[in-house]
Amino acid sequence: MSLALNDYLILSTIIFVIGLIGVIRRKNLLMLFFSTEIMLNAVNIGLAAISKFHGDLTGQMFAFFIVAIAASEVAVGLGLLILLYKRKGSINLDSIVSMKG
Amino acid sequence: MEKYLYIALFAPLLGSLFAALFANRPKQLFTGVITSALLGVSMIASLNLLFHIFTTQEVIHVRMLDWIIIGNVDIPFGFIVDPISATMMCVVTIVSTMVHIHSIGYMDHDKSFNRFFSYLSAFVFSMMILIMSDNFAGLFIGWEGVGLCSWLLIGFWYHKEDVPRSKDIYNSPYSTLSPYSSVSPGYAANEAFIMNRVADLGMLVGIFFIYWNIGSLQYDVVFANIGDLSHGLVIAIAAFLFIGAMGKSAQFPFNQWLANAMEGPTPVSALIHAATMVTAGVYLVIRANEIFTVVPEVGYVIASLGAFVAIFAASQALVATNIKKIIAFSTLSQLGYMFVAAGLGAYWVALFHLATHAFFKSVLFLGAGNVMHATNNEINIKNMGGLHKHMKSTSIIMTIASVALSGIFPLSGFFSKDLILEVAFGAHAYIIWAVLWITAGLTAFYSFRLIMYVFHGEENFKKFGYHPHETYPFVIAAMTPLAVLAIIAGWFKEPFVAMITTVLPELEVHVSDTTLYTLIAITTAIALGGILFAVFKYKKDGTYFSHALHNRFCYKLLANQYYIPHFLENVINKPYLRMSQFSWKEIDLKVVDSMVDGIAKMVYKTGEESRPLQSGNLSKALTLMVIGLTLLLVVSMFFGLAIRG
């Protein structure tokens with residue numbers, strides 16, 4: 001049997017929720033990055049699947065863009081992260097609170 | 001000729017602005033000299049204009065600037081010099097020039113010398129605007145300007161403390177026997193300003209009515225179209241305009257401020273509260289004569305009120321011992337005469353009396369200023385006496401002015417005042433005539449009562465250690481032209497009539513020559529009777545009212561100014577104060593303030609409560625973001641389903 005569109009979308013949703021939980025629960029900044037990557041890829045799955053089933057390549061093109069943007073984002077983000085670590089000696093979110101209302 | 005118009009108008013403004021530059025500096029003699037000189041320039045320009053108009057009969061009308069042009073509204077800054085305004089301009093500039101010079105002497109020791117001259121010149125400028133404007137809006141600006149300057153000048157010594165209210169008639173600020181003219185200069189200034197504002201509202205309503213129904217405020221347009229309006233409407237316009245005139249000219253029931261305005265420096269009383277500003281009401285009636293001639297019934301009310309005020313004020317002057325208040329009541333009484341003339345349609349007679357009155361009354365005030373200056377600001381005439389020996393020139397000038405005021409031939413008062421009585425008789429208003437006739441006698445009596453108490457008899461001032469001395473020669477020199485005019489102004493009646501009847505209706509009095517001479521004779525008789533009674537009674541007894549009389553009710557009634565100040569205090573001021581306090585404490589604090597404060601407090605509280613949200617912790621912020629996102633998703637799903645379902 002072949003897989004239906006719904007199965008891909010359910011997979012995409014599950015991965016997205018996993019990423020979301022990661023974003024909420026994790027205190028390590030590096031782990032936060034991983035979680036966002038997971039969420040972005042969850043969206044990619046959704047886009048690619050819909051594109052395939054509708055016979056429209058636009059969705060897959062979008063997925064490529066997202067991959068490229070995610071890569072550059074991680075590059076910049078990791079650079080900042082290293083700088084932050086050098087300055088504070090920690091990348092735990094609870095210990096780098098500097099702005100308080 | 002336009003050049004002279006602008007010079008006459010703007011020279012006082014220039015002087016005022018110049019003196020204002022030094023307002024906070026110690027006395028600079030040149031501010032007084034320069035403002036007086038500029039006033040002199042203005043006076044020469046005005047006389048020039050008068051001469052030009054007299055010889056050529058040409059009316060000078062200029063449109064200086066546009067002021068309000070919106071749609072059909074077109075109100076310019078325009079000025080007109082016709083026989084009426086030219087006469088007024090000459091009266092105002094002559095009196096104010098002399099008063100300016102007199103003030104240099106009178107305000108000699110005052111530390112706000114410069115400020116005084118700035119105000120005084122500003123007043124003259126406003127007055128010129130009032131007189132020369134060619135529309136009701138400009139007149140109203142001048143009207144408010146003189147009100148403002150009057151407020152500034154009455155309250156010139158604003159630092160004086162309030163006098164406590166007292167039941168004792170010799171100490172109460174409301175009595176004319178006490179050493180106080182009012183509660184305090186600040187009180188008097190506010191009283192004058194507020195009363196005028198109330199009356200000005202009436203005038204403003206009148207002006208609105210005119211604009212509404214005619215669509216213009218230019219005098220020529222208004223007067224050309226006034227006949228087309230319905231009779232009732234014209235009555236309303238005339239009545240509302242007259243309410244404004246009542247305020248400015250202190251007619252009953254707006255009369256109280258004028259007597260209290262005597263708190264101001266004496267030259268101010270001479271200029272503003274005798275010669276010029278208070279006659280603005282009469283000027284308004286004369287200027288708007290074409291409105292008032294349409295509705296003779298309003299004119300009759302004006303005349304009756306005028307006659308009432310004439311005797312009402314004159315009676316108060318009988319017992320007063322406050323030198324300035326006696327003259328103030330006299331002014332009020334003479335304003336009543338002017339309104340009688342104006343009300344009965346004899347507009348040029350009113351203008352004529354306005355002019356002669358300005359001369360003799362201002363010089364009377366200036367003389368009173370000299371006397372007060374010489375006796376350490378004493379204002380009780382019973383504490384003076386025998387000053388003739390010490391102040392000969394002042395004494396002679398004041399006596400001349402009093403004779404003129406009494407209306408004795410051939411001084412100016414005779415010509416103008418007698419004419420008013422003649423008009424009243426000729427218009428068959430015999431009651432008004434009788435009232436004015438009695439008032440003429442009272443006027444002569446109280447004028448000479450003042451002269452006798454101040455300049456003759458025993459030297460009571462010695463008890464108080466005063467050393468009276470004649471004032472500076474230049475002050476006397478400034479008063480002399482006014483005194484001369486007080487004598488001769490009446491002799492110009494014929495040329496004045498020839499000039500003024502080109503714009504004002506001619507007199508229509510039909511009395512036979514015999515009646516006329518009888519009238520003149522009996523009027524002169526009562527005036528002379530008043531004078532002689534005053535002189536001989538004083539020579540015989542040294543006083544006028546016996547002690548038994550002092551306890552009578554009628555005496556107290558007059559000395560307490562008919563209890564009008566008490567009435568105002570208890571019936572208007574106090575309840576108003578209580579009402580204001582109630583609205584402040586109950587309505588403003590409890591309702592309005594609590595509502596506004598409540599809103600502010602709510603905002604503060606919300607901010608305070610939501611502070612923990614901004615912990616600065618990225619993890620928590622993300623959590624909140626996810627919660628928000630979820631909520632939005634749920635809501636949008638809910639609505640999506642709701643729309644579909």
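**Entry 1: Ala320(B)**

I began with Ala320(B), which, once neighbours within four places in sequence are left aside, is in contact with Thr176(B), Lys325(B), Ile326(B) and Phe329(B). The model I am reading is a predicted one. I placed Ala320(B) in the loop between α13 (296–319) and α14 (323–343) of chain B. One of its partners, Thr176(B), is 144 residues away along the chain, yet I find the two C-alpha atoms separated by 4.9 Å. I then asked whether Ala320(B) is buried or exposed. I count 25 other C-beta atoms within 10 Å of Ala320(B), and a residue is buried at 20 or more, so Ala320(B) is buried.

**Entry 2: chain B as a whole**

I stepped back to the chain and noted 25 helices and two strands in chain B. Taken along the principal axes, the C-alpha atoms of chain B fill a box of roughly 110 × 60 × 50 Å. Of the 645 residues of chain B, 51% count as buried. Among the contacts in chain B with a separation of 6 or more, I note that 82% come from residues 24 or more positions apart. I also looked at where chain B touches chain A, and found ten residues of chain B in contact with eleven residues of chain A. On the chain B side, these residues divide into three nonpolar, six polar and one charged.

**Entry 3: helix α2(B)**

Helix α2 of chain B, residues 29–56, has 28 residues and reaches 41 Å from its first C-alpha to its last, which is close to the 40 Å expected at 1.5 Å a residue. I looked up its buried residues, which include Thr31(B), Gly32(B), Leu38(B), Leu39(B), Met43(B), Leu49(B) and Ile53(B). What covers the buried residues of α2(B) includes α1 (2–21), β2 (73–81), α3 (83–106), α4 (113–132) and α20 (493–500) of chain B. Just after α2(B), I found Gln57(B) with a positive phi of about 60°.

**Entry 4: helix α17(B) and the cis prolines**

Helix α17 of chain B, residues 412–426, has 15 residues that should span 21 Å at 1.5 Å a residue, and I find its end C-alpha atoms 21 Å apart, which agrees. How many residues of α17(B) are buried? I count 15 of its 15 residues as buried, and so record the helix as mostly covered. After α17(B) comes His428(B), whose phi is positive, near 60°. Pro410(B) is in the loop between α16 (392–406) and α17 of chain B, and a cis peptide bond, with omega about 5°, joins Phe409(B) to Pro410(B). I found another cis peptide bond between Phe252(B) and Pro253(B), with omega about 5°, and placed Pro253(B) in the loop between α8 (231–248) and α9 (256–260) of chain B.

**Entry 5: two helix pairs**

The axes of α10 (residues 266–275) and α15 (residues 347–374) of chain B come within 8 Å and cross at roughly 160°. An angle over 145 degrees counts as roughly antiparallel, and therefore I describe α10(B) as roughly antiparallel to α15(B). The crossing of α10(B) past α15(B) is right-handed. The contact includes Ala270(B), Leu271(B) and Ala274(B) of α10(B), together with Phe365(B), Leu366(B) and Met372(B) of α15(B). By class, the contact of α10(B) with α15(B) has ten nonpolar, four polar and one charged residues.

For α18 (residues 430–455) and α21 (residues 513–541) of chain B, I again find axes that come within 8 Å, here crossing at roughly 30°. That makes α18(B) roughly parallel to α21(B). The crossing of α18(B) past α21(B) is right-handed. Among the residues that meet are Trp437(B), Phe445(B), Phe448(B) and Arg449(B) in α18(B), and Ile526(B), Phe533(B) and Tyr538(B) in α21(B). The contact of α18(B) with α21(B) divides into 14 nonpolar, four polar and one charged residues.

**Entry 6: positive phi in loops, and Val592(B)**

Asn377(B), which is not a glycine, has a positive phi of about 60°, and I placed it in the loop between α15 and α16 of chain B. Asn377(B) is exposed, with 10 other C-beta atoms within 10 Å. Gln561(B), in the loop between α23 (553–559) and α24 of chain B, also has a positive phi, near 55°. Gln561(B), however, is buried, with 23 other C-beta atoms within 10 Å.

Last, I looked up Val592(B), which lies in helix α24 (residues 564–609) of chain B. Val592(B) is exposed, with 11 other C-beta atoms within 10 Å. Val592(B) and Val454(B), 138 residues apart in sequence, are 58 Å apart in space, C-alpha to C-alpha.

Conventions:
Residues are numbered from 1 along each chain as its sequence is written. Chains are lettered from A and ligands numbered from 1 in the order in which they are written. This is a predicted model: local features need pLDDT of at least 70, side-chain atom pairs count only at pLDDT 80 or more; totals for chains, interfaces and linings use all residues. Helices (H or I, at least four residues) and strands (E, at least two) are DSSP runs, numbered from the N terminus. The expected span of a helix is 1.5 Å times one less than its number of residues. A residue is buried if 20 or more other C-beta atoms lie within 10 Å of its own, exposed if 12 or fewer, and partly exposed in between; C-beta atoms are placed from the backbone. Two residues are in contact if their C-beta atoms, placed from the backbone, lie within 7 Å. Axes are lines fitted to C-alpha atoms, for helices over the stretch in contact, and angles run from 0 to 180 degrees between N-to-C directions. Angles under 35 degrees count as roughly parallel, over 145 as roughly antiparallel, 65 to 115 as roughly perpendicular and the rest as oblique. A crossing is left-handed if the near helix is turned anticlockwise from the far one by less than a right angle, and right-handed if clockwise. Ala, Val, Leu, Ile, Met, Phe, Trp, Tyr, Cys and Pro count as nonpolar, Asp, Glu, Lys and Arg as charged, and the others, Gly among them, as polar.
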